[in-house]
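Hello,

Here is the structure I promised to pass on to you. Please open it alongside this email, and I will walk you through what turned up.

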Amino acid sequence: MSDDLRIAVVGVGKMGSFHVDSLTRRVRGARVTVVNDFSAEQAEKVAGPIGARTVADPFEAIGADDVDAVVLASPGFAHEKQVLACLERGIPVLCEKPLTMDGPSSYEVVKAQAESGRDLIQVGFMRRFDTEYVALRELITSGSVGAPLMLHCTHRNPAVPDSFNSEMAMADSVVHEADCTRFLLGEEVVAVTVLRGTPTSAAPAGVSDPMLVLFETESGRLVTVESFVRTQVAYEVRTELVAEKGSATIGLDQNLVVKQAGRWGGTIAPDFVVRFGQAYDTQMQRWVDAARRGTIDGPGAWDGYAAAAICEAGVEAVRTGGRVAVKLEARP
Ligand code: ISE
């Protein structure tokens with residue numbers, strides 16, 4: 001359709017390819033016109049079947065005449081300059097986490113956006129669009145289980161490359177629990193403590209996996225996170241809320257339970273794209289609808305900054321083994 005939002009997707013690895021598929025086959029009102037990847041071959045492979053063109057330079061993609069909005073699924077270290085280029089051009093951007101690699105650079109992005117006077121940056125914390133997380137948040141805000149006291153989060157991946165060390169587990173995986181804590185409890189995290197337990201024999205030497213992470217919030221609520229990224233089982237993400245008058249759990253994989261040949265059972269999602277497929281698609285549809293109006297509809301630059309600051313404290317806690325305070329700058 002001629003009035004479709006024309007999108008450049010920068011970075012088409014696992015996540016970017018999923019977004020291209022989502023935009024092409026499931027999301028209404030948008031089409032991918034330009035694809036960029038550091039591998040020209042990968043860009044061609046993704047762009048060819050949908051009739052998009054490829055460009056070798058991400059900034060050419062962001063500045064192209066046939067582009068109204070940008071999806072950034074490039075490596076995290078490339079985000080800062082790319083997000084700022086979108087801001088400079090005045091077009092909406094959906095940026096995969098992390099917003100940038102550390103708190104101070106994310107805060108620069110927050111300030112730049114505030115100076116521009118427009119909300120153009122959305123960060124891909126897709127769990128905020130997952131029906132179970134939304135239901136849990138509604139339960140909390142309805143007040144029916146009383147005041148929330150604690151969250152217990154489980155974050156398990158079946159396997160990761162050997163290069164995925166304890167710091168990466170914090171920045172790449174636990175970051176989602178940081179955002180969910182802020183989303184569910186509606187307040188900031190003020191301190192992070194990390195306990196490094198006996199590692200699985202599947203972890204390379206020196207890598208702590210699993211780890212137990214503790215977040216403390218402004219009002220003193222406690223959030224425990226089990227981070228275990230080499231379970232050799234499947235993708236398991238659960239959250240239990242403990243409140244004054246009740247508790248609630250999401251992520252129990254209670255979908256199809258089959259009884260057959262004297263056994264019963266269901267399936268566990270193999271990875272995050274399967275577990276959160278609905279959330280990614282809903283996030284994309286909401287972002288496209290908002291981008292067509294020149295804005296965003298979801299977690300913004302401040303949320304990206306807060307998560308980056310929490311993870312920065314978390315990485316320090318991983319290294320020092322102590323309790324590290326999260327220092328947030330003033331919100332512009
Ligand atoms: C991955 O990068 C993601 O973002 C997933 O949502 C997360 O659950 C996984 O642990 C990360 O490795």
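In which sense do strand 1 and strand 2 pair, and over how many bridges? Strand 1 (residues 5–10) pairs with strand 2 in the parallel sense, over six bridges. Please keep in mind that this is a predicted model.

Let me stay with strand 2 for a moment. Leucine 5 has alanine 30 of strand 2 as its bridge partner. Helix 1 (residues 14–26) joins with strand 1 and strand 2 in a right-handed β-α-β unit. Strand 2 also pairs with strand 3 (residues 53–54), again in the parallel sense, over two bridges; here valine 35 has threonine 54 as its bridge partner. A right-handed β-α-β unit is made by strand 2, helix 2 (residues 40–47) and strand 3. Of the seven residues in strand 2 (residues 30–36), six are buried, which is to say under 20% relative accessible area, so the strand is largely enclosed by the rest of the structure.

Now for the sheet these strands belong to. It is an open sheet of six strands in the order 3-2-1-4-5-6, with parallel pairing. Strand 3 and strand 6 (121–123) are at the edges with a single partner strand each, so one side of each has no neighbour in the sheet. Helix 4 (residues 79–89) packs on this sheet and touches strands 1, 4, 5 and 6, with its direction at about 170° to that of strand 4. Helix 9 (residues 277–291) packs on the sheet too, touching strands 1, 2, 4, 5 and 6, and its direction makes about 155° with that of strand 4.

As for the record, an unreviewed UniProt entry annotates residues 5–124 as "domain: Gfo/Idh/MocA-like oxidoreductase N-terminal". That span is 43% helix and 21% strand, and its end C-alpha atoms lie 19 Å apart.

There is also an open sheet of seven strands, in the order 12-11-7-10-9-8-15, and its pairing is mixed. Its edges are strand 12 (246–250) and strand 15 (323–325), each with a single partner strand, so one side of each is left without a neighbour in the sheet. On average, neighbouring strands here are turned by 15° against each other, direction ignored. Strand 9 (residues 211–217) and strand 10 (residues 222–228) pair in the antiparallel sense over six bridges, and valine 213 stands opposite valine 225 in strand 10. Helix 10 (residues 301–320) lies across strand 8 (189–196), strand 9 and strand 15, at about 30° to strand 8.

Happy browsing, and best wishes!

Conventions
Residues are numbered from 1 along each chain as its sequence is written. This is a predicted model: local features need pLDDT of at least 70, side-chain atom pairs count only at pLDDT 80 or more; totals for chains, interfaces and linings use all residues. Side-chain values use heavy atoms; hydrogens and water are left out. Buried means under 20% relative accessible area, exposed over 50%, partly exposed in between (1.4 Å probe, protein chains only). Helices (H or I, at least four residues) and strands (E, at least two) are DSSP runs, numbered from the N terminus. Two strands pair if DSSP finds at least two bridges between them. A crossover is right-handed if, with the strands pointing away from the viewer, the path from the first strand over the helix to the second runs clockwise. Contact means heavy atoms within 4.5 Å. Axes are lines fitted to C-alpha atoms, for helices over the stretch in contact, and angles run from 0 to 180 degrees between N-to-C directions. UniProt positions are given in the numbering used here, feature names are shortened, and annotations may be inferred rather than shown by experiment.
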